[in-house]
Amino acid sequence: MVRHAGTDRCRVTVEQGPGEVVVDVVDDGRGGPVAGDGHGIVGMRERVALLGGRFRAGPRPEGGFRVTARLPVPAADR
């Protein structure tokens, strides 16, 4: 994400909640369109969907960009 953001750092948060793991990546770079020719956002969205999770990515109102993946944790792995 930092590679495309026009910034030299980002914040990554990983939290385990009831039945899910949430990965949140935020930067303060220039942001940009979610669509594109590459496989980055599309690939992340597809991988999260394959695991039955939820995915969001896009520019933040205050500037920068946020990517959030919510991945279910099977009951046997809790």
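Start at the lining of the second largest pocket: by class it holds three nonpolar, two polar and three charged residues. The model on screen is predicted.

**Stop 1: the pocket**

Select Arg56, Ala57, Gly58, Pro59, Arg60, Pro61, Arg66 and Thr68; these residues line the second largest pocket. Its volume is about 150 Å³. Now colour by strand. Both β3 (54–59) and β4 (65–72) give at least two residues each to this lining. The largest share, four residues, belongs to β3.

**Stop 2: Thr68**

Keep Thr68 from the pocket lining and hide the other side chains. Thr68 sits in strand β4. Is Thr68 buried or exposed? Its relative accessibility is 14%, and buried means under 20%, so Thr68 counts as buried.

Next, show Asp24. The side chains of Thr68 and Asp24 are joined by a polar contact of 2.5 Å. Then expand the selection around Thr68. Which residues does Thr68 touch, leaving aside neighbours within four places in sequence? They are Val22, Val23, Asp24, Arg54, Phe55 and Arg56. Arg56 also appears in the pocket lining.

**Stop 3: strand β2**

Select residues 20–27, strand β2. Six of its eight residues are buried, so the rest of the structure largely encloses this strand.

Look at one side of β2 first. Strand β1 (residues 11–17) pairs with β2 in the antiparallel sense, over seven bridges. Pick Glu15: its bridge partner in β2 is Val22. Follow the chain through the hairpin of β1 and β2, where two residues lie between the strands. Check the backbone at Gly19 there; its phi is positive, near 80°.

Now turn to β4. How many bridges join β2 to β4? Eight do, and the two strands run antiparallel. Stay on Val22: opposite Val22 in β4 is Arg70. Val22 is thus a good residue to keep labelled, with Glu15 as a bridge partner and Thr68 among its contacts.

**Stop 4: zoom out**

Clear the selection and show the whole chain as a cartoon. Two helices and four strands make up the protein's elements. Along the sequence, their pattern is α-β-β-α-β-β.

Colour by accessibility next. The protein has 78 residues, of which 31% count as buried; Thr68 is one of the buried residues.

Finish with a contact map. Take contacts between residues at least 6 apart in sequence: 50% of them join residues at least 24 apart.

Note on methods:
Residues are numbered from 1 along each chain as its sequence is written. This is a predicted model: local features need pLDDT of at least 70, side-chain atom pairs count only at pLDDT 80 or more; totals for chains, interfaces and linings use all residues. Side-chain values use heavy atoms; hydrogens and water are left out. On a 1 Å grid over the protein atoms alone, a cavity is a set of points where a 1.4 Å probe fits but cannot get out, and a pocket is an open set with protein on both sides within 12 Å along at least five of seven lines; lining residues have an atom within 4 Å of a point. Grid points are joined across faces, edges and corners, and a volume is the space filled by probe spheres set on the points. Ala, Val, Leu, Ile, Met, Phe, Trp, Tyr, Cys and Pro count as nonpolar, Asp, Glu, Lys and Arg as charged, and the others, Gly among them, as polar. Buried means under 20% relative accessible area, exposed over 50%, partly exposed in between (1.4 Å probe, protein chains only). A polar contact is a pair of N or O atoms within 3.5 Å; within protein, one must be able to donate a hydrogen and the other to accept it, and residues adjacent in sequence count only if both atoms are side-chain atoms. Contact means heavy atoms within 4.5 Å. Two strands pair if DSSP finds at least two bridges between them.
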